[in-house]
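Here is a quick tour for anyone meeting this protein for the first time. Have a look at the sequence and the model, and then we'll walk through a few spots together.

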Amino acid sequence: MFNLEYSNISLSLLIRILLPIGIVAVVVGLYFAIFGNSDKTKKITKITLASFIAFLLLFRFCFWIFRAIEISGGYSFSFFLMSLGINGNYAITTLLMYVAMIALYVSAFSKNNNLILDFCKHTLLGIGFPFGIIQLFRLDLIVNTIDNVYHVLNIISILFTILLLFIPVYFLKIGELRPRLSKFWLAISGYTIFASLCMTLSIVTRNGNIAEMTYATSLRQLGIEINFPWHLLITVPAFLIICFIVYYIVTYAYKKITHDPVTLEYRHRNEFFDLYSFATKSLCSMQGLLLLIILGTITRNPMGTLWGLFCLIPLIMTVFCVWTAYEMEEQAELDDESVFDKGNKTAQKIITTSLIGNLIFGAVVAKQIKNERESIIERKAREEKRKQRELQKQKENIDEN
């Protein structure tokens, strides 16, 4: 039923039209079928969805291992990568499924929102949902094969696409995800992490092209031939622009449907951490992807090279930048000047994570925290002197009277 050979154009066209319609219908059906706002119902639903994803991932792993034994009589590195779901164009889908599974399990057993949940949910909405929409028009199906057993993977790909679209919508429905344009940087950070993993595997193994981001299939179909990794200068911005447009539409629709007003109420925040939090988010959104292109250019080797492990550097930097920004956001909300005290553990943690996230930026943060501490000490000294002068004047006035 998934035979899309050119000899059967009508069937091919029919499948490409009906599959997206069917997937959207299933997602809408699930949205209205799954109801219940009690904590118990939500917990059961999350565990069920997460367990279903785990089952699909495990089933695909076992499928590839059994096929490797049947076809070659043993394992091969190629089949091992395929069994993990990180070889081919469905690498990003697999990584997003792991993120979805983590988000569902963690939110099922944790009542409080945290960095991991915030990161996973906004990555699913900002990257997973748009990617699922793209998948509607270009499903990762195995075509032109005489082995019908492989069509089980086509079914799994379709189920993954349904989950990519449904899970972010489900989090929106139960009110555990509130889209904000100010949160889109988390999605970009997630994309950078996925890109780092995929490019590392692509360069180290060269056992096949790992994911769309390292193999410009779309450009080649348009007749545009750009060598790796320079096509990333086109594909990455284009994909992120699509993601931002979708995220903006979802955010706008969410505010209209839920009547969620934009709060203009002024809340005093620590300006220092507000400023450096914004700078850290900007670094998260730019430096990782730029470093990947540079590292990909330096380490590229068609036969495979361990130098590709350097592509993990942007991943580590991005993770620590996300952590730093999260800590700065908390401090901005607390607006507690004691964080600038000498030897303060929170300030030391922020300096350490910012140094790992970006050495130059971290050094600037450390210097500015020191400057802020000295400025606060000087201000307090001036205030103390002013109070002393006022007390002295009051004393003199009393003596005169």
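## Cysteines

Let's start with Cys198, which is buried, its relative accessible area being 2%. Keep in mind as you look around that this is a predicted model.

How many disulfides does a search of the whole structure find? Zero. Take Cys284, which is in no disulfide: the nearest cysteine sulfur belongs to Cys321 and sits 4.3 Å away. A disulfide needs the two sulfur atoms within 2.5 Å, so this pair doesn't qualify. Cys284 is also buried, at 0% relative accessibility.

## The nonpolar core

Now for the inside. The largest nonpolar core has 94 residues. Those with the most contacts inside this core are Ile23, Ile53, Ile127, Leu163, Ile167, Phe171 and Phe273. Which helix gives the most to the core? That's helix H6, residues 151–173, which puts in 14 residues.

Pick out Ile53 and see what surrounds it. Leaving aside residues up to four places away in sequence, Ile53 touches Met97, Ala100, Met101, Leu104, Leu163 and Ile167. As a bit of background, nonpolar side chains tend to be buried together in soluble globular proteins.

## A nonpolar patch on the surface

There is nonpolar material on the outside too. Leu181, Ile241, Phe244, Ile245, Tyr248, Ile249 and Tyr252 make a nonpolar surface patch of about 700 Å². One of these, Tyr252, is found in helix H9. Is Tyr252 buried or partly exposed? With 47% relative accessibility, Tyr252 counts as partly exposed.

## Salt bridges across the chain

On to the charged side chains: the count of salt bridges comes to eleven. One of them pairs Glu333 with Arg269, whose closest N and O atoms are 2.4 Å apart. Glu333 lies in helix H11 (residues 312–334), while Arg269 is in the loop between helix H9 (232–258) and H10, so the bridge ties together parts that are 64 residues apart in sequence. Glu333 is partly exposed at 37% relative accessibility, whereas Arg269 is buried, with a relative accessible area of 19%. The cut-off for buried is under 20%, so Arg269 falls on the buried side.

Another bridge joins Lys349 to Glu327, with the closest N and O atoms 3.2 Å apart. This pair also links distant parts of the chain: Lys349 is in helix H12 (residues 345–357) and Glu327 in helix H11, 22 residues apart. Lys349 is partly exposed, with a relative accessible area of 34%, but Glu327 is buried at 7%.

## A bridge within one helix, and a network

Where do Glu390 and Arg386 sit? Both are in helix H13 (residues 359–400), four residues apart, which means about one helical turn separates them. They form a salt bridge, the closest N and O atoms being 3.1 Å apart. Both ends are partly exposed: Glu390 has 38% relative accessibility, and Arg386 has 39%.

Some bridges share partners, and in this way Arg269, Asp274, Lys281, Glu329 and Glu333 are joined into one network. Lys281 is a good member to finish on. Lys281 is placed in helix H10 (residues 271–299) and is buried, with a relative accessible area of 17%. Not counting residues up to four places away in sequence, Lys281 touches Trp185, Ala325 and Glu329.

Terms used:
Residues are numbered from 1 along each chain as its sequence is written. This is a predicted model: local features need pLDDT of at least 70, side-chain atom pairs count only at pLDDT 80 or more; totals for chains, interfaces and linings use all residues. Side-chain values use heavy atoms; hydrogens and water are left out. Helices (H or I, at least four residues) and strands (E, at least two) are DSSP runs, numbered from the N terminus. Buried means under 20% relative accessible area, exposed over 50%, partly exposed in between (1.4 Å probe, protein chains only). Contact means heavy atoms within 4.5 Å. A salt bridge is a side-chain nitrogen of Lys or Arg within 4 Å of a carboxyl oxygen of Asp or Glu. Patches are made of residues with over 30% relative accessible area and no salt bridge: like charges are joined within 9 Å, nonpolar side chains (Val, Leu, Ile, Met, Phe, Trp, Tyr) within 5 Å. Accessible areas come from the Shrake-Rupley method with a 1.4 Å probe; for residues, only the protein chains shown count as cover. A nonpolar core is a set of buried Ala, Val, Leu, Ile, Met, Phe, Trp, Tyr and Cys residues joined through side-chain atoms within 4.5 Å.
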